[in-house]
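This report describes the fold, the surface and one loop position of a single chain. The sequence and the structure are shown first.

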Amino acid sequence: MGLINIGFGNMVSSERVLSILSPDSAPIKRMVQEAKERSMLIDASFGRKTRAVLVMDTDHVVLSAITPEAIAKRHADKILQADEEEV
């Protein structure tokens, strides 16, 4: 099981992430609000501006202050690292 650093020492399981989204659109804002109402929202942004919304397979929604591109790069780096270790 690989973990992805989503900022400020917080990690999520790479196997559980369904999507990494930008929080700017209205549908994503609604999804975040609905997750908050259902107590399924995890705010890992530490009070900073939310730059990425991670949707997990457990129906949790995670907010991060790191950009979606940076999180995706960290995820890709983990995959490459795991592939190198297998060889």
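Lys and Arg are counted as positive and Asp and Glu as negative, with His and the chain ends left uncounted; each charge is placed at NZ of Lys, CZ of Arg, CG of Asp or CD of Glu. On this basis the chain carries 11 positive and 13 negative side chains, and the centres of the two sets are 10 Å apart.

The model is predicted: local features need pLDDT of at least 70, side-chain atom pairs count only at pLDDT 80 or more, and totals for chains, interfaces and linings use all residues. Residues are numbered from 1 along each chain as its sequence is written, and side-chain values use heavy atoms, without hydrogens and water.

Two helices and six strands make up the secondary structure, in the order β-β-β-α-β-β-β-α from the N terminus. Helices (H or I, at least four residues) and strands (E, at least two) are DSSP runs, numbered from the N terminus.

| Property of the chain | Value |
|---|---|
| C-alpha span along the principal axes | about 45 × 25 × 20 Å |
| Accessible surface (Shrake-Rupley, 1.4 Å probe) | about 5,700 Å² |
| Carbon and sulfur share of that surface | 53% |
| Buried residues, of 87 | 31% |

Buried means under 20% relative accessible area, with a 1.4 Å probe and protein chains only. S14 lies in the loop between β2 (10–13) and β3 (17–21) and is buried, at a relative accessible area of 18%. Beyond its neighbours within four places in sequence, S14 is in contact (heavy atoms within 4.5 Å) with G2, L3, I4 and H75.

Notes
Buried means under 20% relative accessible area, exposed over 50%, partly exposed in between (1.4 Å probe, protein chains only).
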